[in-house]
Amino acid sequence: MGIGGGVGVVLEGVRASVAALDALTFEDQNLDDAALTAVGSGVDVLQRRYEIRLERLEVAARLEAQLAAVKARDAAEAVGFQEAMTPPDASVTDCTYVRMSVVEEIAGVLTINSAAAGALVEQSRRVCSLPLAFGALAAGAMSWQHARIIADETEGLDGSGAAALVAHFFDPDTPNPARGAAPGDLVPSRFRAKVRSWRERHHPESIQKRHAKGAADRRMEYTPDTDGMAWLSLYLPGDTACAIWNRTTATARGLQGPNEERTLTQLRPDIAASLLLGAGQVPGEGSTGTAPGTQGVTGIGKVPAPRADVLVTVPVFALLGLTDEPAMLDGFGPIPASMARKLVAGGADSFYRVLVDPRDGTPLEIGRKNYRLTGPIKHWIRMRDTKCTFPGCTNKTPDNDTDHLQAWEHGGTTDVSNLAQLCPKHHRLKHHSQWTPGPANKNEPPGWTSPTGRHYKPEQQDAEPTHWPPGILPAHAVRGAVVAGVELEASAPAEDALWRQLLASMPLWPDPPVEEPPGEDEPDPGDLCPTDPLWDEFHGRFYNLPADPQADWQLLLHLR
C-alpha cells in the first residue's frame, strides 16, 4: 500500500478526531454563558463539564491510536524505500548497513535509542503486513499497545498462521470468532492473555515441545535496587510458579487479622523469604525490626491458612492421554496436557479438573471432591469469569469475592446467573457507587454500566471444538452406531455419536454420603443470608473427601 492509500486514509480519521475535540472544547467554553441561563432550567453545568472531560479523553485516545498508525506506516515504508534504493547486487553486509542506517535515522527523528527504533520498525512492519490489525489501529479501535501485542504474538508464526490469529479477533465473519468485548475494549494485559491462549492452541509446534525447551532455561535472577532493596525472580514451569503464588497468598490470608497491620502485598514476600531460608517464622517489617502489632515473628506452622483450590480446564481426550491439546490452569493460562494430567491425577488435591465437551469446547462438569454447598457454584463462577468482572480489572486471585449481582435482600437468588467474581476493591465500589452490573448466564459473565451510562461488554472465553484423536472420527456419518444399547439414526453426526458413546462409558460420580441425617430443625441453606454466621461454622468443618474415579475412565467405542 502506498502513501496515498495508507497514511492518506488514516489522516482523514485524524482530521475527524481533531474536529471532534474542537467541538467539545467549543461546547465547554460556552458553558460559562449557558450557566447564566441554566438557573432554574435543570441543566447541571458541572455534570456536563465532567462528561465533556470523559468524552475528550475518549477522543484523545482514538487520536493517539490513529497517529500511532501514521508512525507505523511511515516507519515501515521508510525502511522499504531504502531497501528499494539498494542495488540488487549489493552484498549482505551492504544491505545490513543500509538497514542500520535507516533505523538510526528514525531513532534520531523520534529522539529514542537505536534499540527502541529497531523494535518500532519490526513491530510496524509486522502490523502493517496484517491489514485487519492495521485497519483497527488506523480507525482508533485499538491502541498501539494492542498492536504491539499482535506483533509480539505473531512472531514465529507463518503468514497464514498470523492472518488466522488476526482474523479470529478482528473479522466477525471468520469461523468461530472471538466473543465478548472487542480487542480495543480490553486492557492490554487481558488482550495479551486471550491472544496467547489462541496462539498456544493453534501453534504449529505442540506446547509440550515448547514447554520442554522453556523448562531447560529455568533460572533464578537477583537484581540489586535502590534504598537497600533488591529483586529476586524465578523462571519456573507454570504449575510450580502458580503453586508457590497460591501457597504464599493463602498463608498471608491466614496471617491477616486485627493484630496484623501488614498488607497482603507485604506479607507475600515475608512468607516466601521465611520459607526459602527455612526459618519457619514470618519476620516483621524490616530485616530485624518488628512490625507494629505483630510482636516480632509469627510461626508459619501455626497459621490456619486456607487451601488455595485451583481449577484445571482440560479437554477430555487430553485428560485420557489421546491428544496433547493444551489445558488451562486457573490464574496462569495454557499448560501442556501432560502437566494437567499430573496435576489432577498425581495427588494434587487442591486442583480441580474441569472437563470440556470436544464438540464445542464448553464446560461439562467440575470434579467433585468436597461437600461444601457453595463450593461447586463458586468453582463454576471462577471458571466462567476467570477474574474480577469489573471493566479493566485483572485481579484473578482465588480469593476474589463471589457477589450477588442483584442483592440478596432485594430478592437476588444464589445461582450462576446472579453471581459474579469481584475483587474486594470493586466489590466495595459496586455497593457505594452507581456502577451497575448487567445480567449473566451459565457461560457468560456480566457486563457493566458506568454512572455516565457507558456500557462495557464482558470479557468472554473463546470456546471452540477440541482436538479429536487421529483416526477416531470417520469422514462420513456413523451408520448403525450403538450408544448405551440404542441404535442411532443414520444421519447422526459422527462427533455426536462418538461423544455420546464416550459419555456412556464414563462411570457416574457417586452421591456423597450425608454427614448427618436431615432433621426438622436444620435450616434450608437457600434461606440463609450470605453473611449469616452459620456459614462460618459450616465452612470451618473438616470434610472427608471421596476418591476421584477419573483414573478408571476408559474410552469405549462400539461400532457395528
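Start in the loop between α15 (375–385) and β10 (401–404), where Thr386 sits. In this predicted model, phi of Thr386 comes out near 65°, a positive value in a residue other than glycine. That's worth a pause, since most residues other than glycine have a negative phi. Is Thr386 buried or exposed, or something in between? With a relative accessible area of 21%, Thr386 is partly exposed, because the cut-off for buried is under 20%.

Thr386 has a counterpart in another loop. Asn176 lies between α8 and α9, and its phi, near 55°, is again a positive value in a residue other than glycine. Asn176 has a relative accessibility of 33%, so it counts as partly exposed too.

Now step back along the chain from Asn176 into helix α8, which covers residues 159–170. Its twelve residues reach 16 Å from the first C-alpha to the last, close to the 16 Å expected at 1.5 Å a residue. Which residues of α8 are buried? They are Ala162, Leu165, Val166, Ala167, His168, Phe169 and Phe170. The cover over these buried residues includes α6 (131–138), α7 (144–153) and α9 (188–202).

Helix α9 brings us to Lys194. You might look twice at this lysine: its relative accessible area is 9%, so Lys194 counts as buried. What is Lys194 in contact with, once its neighbours within four places in sequence are left aside? The list runs to Phe169, Arg179, Leu186, Glu459, Gln460 and Asp462. Phe169 is one of the buried residues of α8 we just met. Pro183 is worth finding as well: it is eleven residues from Lys194 along the chain, and the two C-alpha atoms are separated by 9.2 Å.

For another helix, try α11, residues 238–255. This one has 18 residues and reaches 26 Å from its first C-alpha to its last, close to the 26 Å expected at 1.5 Å a residue. Its buried residues include Gly238, Asp239, Cys242 and Asn246, and further along Thr248, Thr249, Ala250, Thr251 and Ala252, with Gly254 and Leu255 also buried.

Next, a helix pair. Two packed helices are described by the angle between their axes and the distance between the axes. Helix α3 (residues 45–85) and helix α4 (residues 92–110) pack at an angle of about 150°, and their axes are 9 Å apart. The crossing of α3 and α4 is right-handed. From α3, the contact draws on Lys71, Ala75, Ala78, Val79, Gln82 and Glu83, while α4 brings Val98, Arg99, Val102, Ile106 and Leu110. Sorted by character, the residues of this contact of α3 with α4 are seven nonpolar, one polar and three charged.

Strands get their turn in an open sheet of three, ordered β12-β13-β14, with antiparallel pairing. The edges are β12 (436–437) and β14 (455–456), each of which pairs on one side only. Between β12 and β13 (residues 448–449) there are two bridges, and Thr436 stands opposite Thr449 in β13.

Finally, zoom out to the whole chain. There are 18 helices and 16 strands to place, and buried residues make up 38% of the 560 residues. Among contacts between residues at least 6 apart in sequence, 59% join residues at least 24 apart.

Methods. Residues are numbered from 1 along each chain as its sequence is written. This is a predicted model: local features need pLDDT of at least 70, side-chain atom pairs count only at pLDDT 80 or more; totals for chains, interfaces and linings use all residues. Side-chain values use heavy atoms; hydrogens and water are left out. Axes are lines fitted to C-alpha atoms, for helices over the stretch in contact, and angles run from 0 to 180 degrees between N-to-C directions. Helices (H or I, at least four residues) and strands (E, at least two) are DSSP runs, numbered from the N terminus. A crossing is left-handed if the near helix is turned anticlockwise from the far one by less than a right angle, and right-handed if clockwise. Contact means heavy atoms within 4.5 Å. Ala, Val, Leu, Ile, Met, Phe, Trp, Tyr, Cys and Pro count as nonpolar, Asp, Glu, Lys and Arg as charged, and the others, Gly among them, as polar. The expected span of a helix is 1.5 Å times one less than its number of residues. Buried means under 20% relative accessible area, exposed over 50%, partly exposed in between (1.4 Å probe, protein chains only). Two strands pair if DSSP finds at least two bridges between them.
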